[in-house]
Each structure stands twice: as structure tokens, then as C-alpha cells.
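Welcome, and please take a moment to look over the sequence and the model. A short guided tour comes next.

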Amino acid sequence: MYDFAYHKPSSIADAVALLADPEARSISGGQTLLPALKHRLNRPSALVDLSGIAELKGVKQEGNEIVIGAMTRHHEINTNPLIVASIPALAKMAGMLGDPAVRNRGTMGGSLANNDPAADYPAAALALGATFVTDKRRIKADDYFQGMFATALEPTELLVAIRFPVPEKAGYAKMRNPASRYVMTGVFVAKGPKGVRVVVNGAGPGVFRQSEMEAALAANWSPEAVAGVKQPADVLNSDIHGSAEYRAHLVTVMAKRAVAEAG
């Protein structure tokens, strides 16, 4: 690692002030940033540790929305009674992330701010029509994700919470890379206040909605409705682990499983 200063603020205001330095980086669970630091792939002037800010943690219900603090860890999302009762697909997703060490250290906000194309939470946030709350504004999920590792967050903007509308139905299925365990192709389906939404993650350079499947499910919510929908392969990844055509096939397979999971 390179040398850096370390700060552990106790309030959002203090964290935002420290992050005004363009060379400073915030750290939540550290599941992505710490390996980058160890391999000298990142050289921040300072690390701003968000783990001491109580305002960024916890789960609550406000009307028909579940509000999850950005520093809420995967294990807490997996086991929180409010999430289990209201959005079981999201709770189950959190329980499938990484391994026990990752689930007890990693945070939802850290994952969504990083926006790895193979991450799980972006699919849930986009499919459920979540709203991202920062220290400055609110951003709709449709405007938030902007490609591989890119979001609408400004360099000094801090993600505070994510608001999830409670769906009528939701389900998620994914195929993992057998070696890395990262998502090769995943599909999250939801039916609720934001309509019917089908979102694909892992298969391409970024998370995206599958509009043909959305239309099919809006007319007939069943696995059979998406069975005949073919995902174009030209927008998908192709590598040693699987061709774009293979991933396109997996989109249909995972969509059918996700709908069955949703019920």
C-alpha cells in the first residue's frame, strides 16, 4: 500500500467535508477498495471510514417503502425482519453474496456506489425502482446506473440511503462463474408500484432492463411468458468463461427461474 491519512468521522457532515478533497476516498466495507490498495491500484490521499456514522446504518419502513442505510451490511439485509417480510427476494439475494466474511463486512451502499457489472444489488435496485438518497439530492434508479463502474454520483457526493418501493412480487436467479463465484448472468424480476420490470446483471458491461420480457410478463406473469423471448447477444460479454450467445441463453433461463421464484 501507499501511505495515506485515515479519518473516521461520526457524522455525515464531517464525512462530506473530508471528502471535499478530490484525492480522498470513502471506505465502507472495504471489499473492493482494500484489495485495490494492497495491489497499489489506487493511491488516495486519505481514507474516510464511514463505519462510525450511525445515520448511515439501519432499516426502516416509511409508507410503502423500505429505507436501507448505505452502511447496512449484507448479513443485516439478509436477516432483517422488515426486509424478509416486505421484499424477501432482496433478503435472499443478500444471503447469496460472497461468503460469510464478505456478508459480515460488505455494505449495500458500497456495492451500489461501486456498480460492478457482476454485482447483485444493482439488479434489485433497478428492478424495484429504487431511489438513491445522497447528502445533496435524490436520484431515480433509471438515472443512477450509467455503465460499467459508473454512476450518477458526483465525485464528492455521499450515498446516504436507498429507498425501495415494496413490490407485489419479486424474484432473482443467477448463474455464478464456477471459479470466481461472481455472477455470469443474473435476472431480477419485479411487479409492483413501478410496474413490471426485468433487469439483467452480470451478462453485459452494465446492468440493463429487458423490455421484451417486461411486456411479456405484463400480459402474462408466468415463466412460460418469457420462455420464448430471446436476448440479443451483441450487447453481452464474451470471454473464456462463456460466449455472448451462451450468456444470452442464460438470460432466458434465469428469467424463467426468477419468475418462478417470485410466484
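The report below goes through the sheets, then the hairpins, then the nonpolar cores.

This is a predicted model, in which local features need pLDDT of at least 70 and side-chain atom pairs count only at pLDDT 80 or more, while totals for chains, interfaces and linings use all residues. Residues are numbered from 1 along each chain as its sequence is written, and side-chain values use heavy atoms, with hydrogens and water left out.

**Two sheets**

Some terms help here: helices (H or I, at least four residues) and strands (E, at least two) are DSSP runs numbered from the N terminus, and two strands pair if DSSP finds at least two bridges between them.

One open sheet has five strands in the order β4-β5-β8-β6-β7, paired antiparallel. Its edges are β4 (59-62) and β7 (138-140), each of which pairs on one side only. Neighbouring strands here are turned by 25° against each other on average, direction ignored; such axes are lines fitted to C-alpha atoms, for helices over the stretch in contact, and angles run from 0 to 180 degrees between N-to-C directions.

Another open sheet, also antiparallel, has four strands in the order β9-β10-β11-β12. At its edges lie β9 (169-176) and β12 (208-209). Helix α10 (residues 211-219) packs on this sheet, touching β10, β11 (195-201) and β12, and its direction makes about 145° with that of β11. Contact means heavy atoms within 4.5 Å.

| Antiparallel pair | Bridges |
|---|---|
| β5 and β8 | five bridges |
| β9 and β10 | eight bridges |
| β10 and β11 | seven bridges |

**Around β10**

A hairpin with six residues between its strands links β9 and β10, and arginine 181 in the turn has a positive phi of about 75°. Across this pair, lysine 174 has glycine 186 as its bridge partner, and methionine 175 has threonine 185. The hairpin from β10 to β11 passes through two residues, and valine 189 stands opposite valine 198 in β11. Eight of the 10 residues of β10 are buried, where buried means under 20% relative accessible area, exposed over 50% and partly exposed in between (1.4 Å probe, protein chains only).

**The cores**

A nonpolar core is a set of buried Ala, Val, Leu, Ile, Met, Phe, Trp, Tyr and Cys residues joined through side-chain atoms within 4.5 Å. In the largest one, with 40 residues, Leu90, Leu112, Phe132, Phe164 and Phe188 touch the most other members. Helix α8 gives the most to this core, with seven residues. A second, separate core of 24 residues includes Val187, Val198, Leu217 and Val229.
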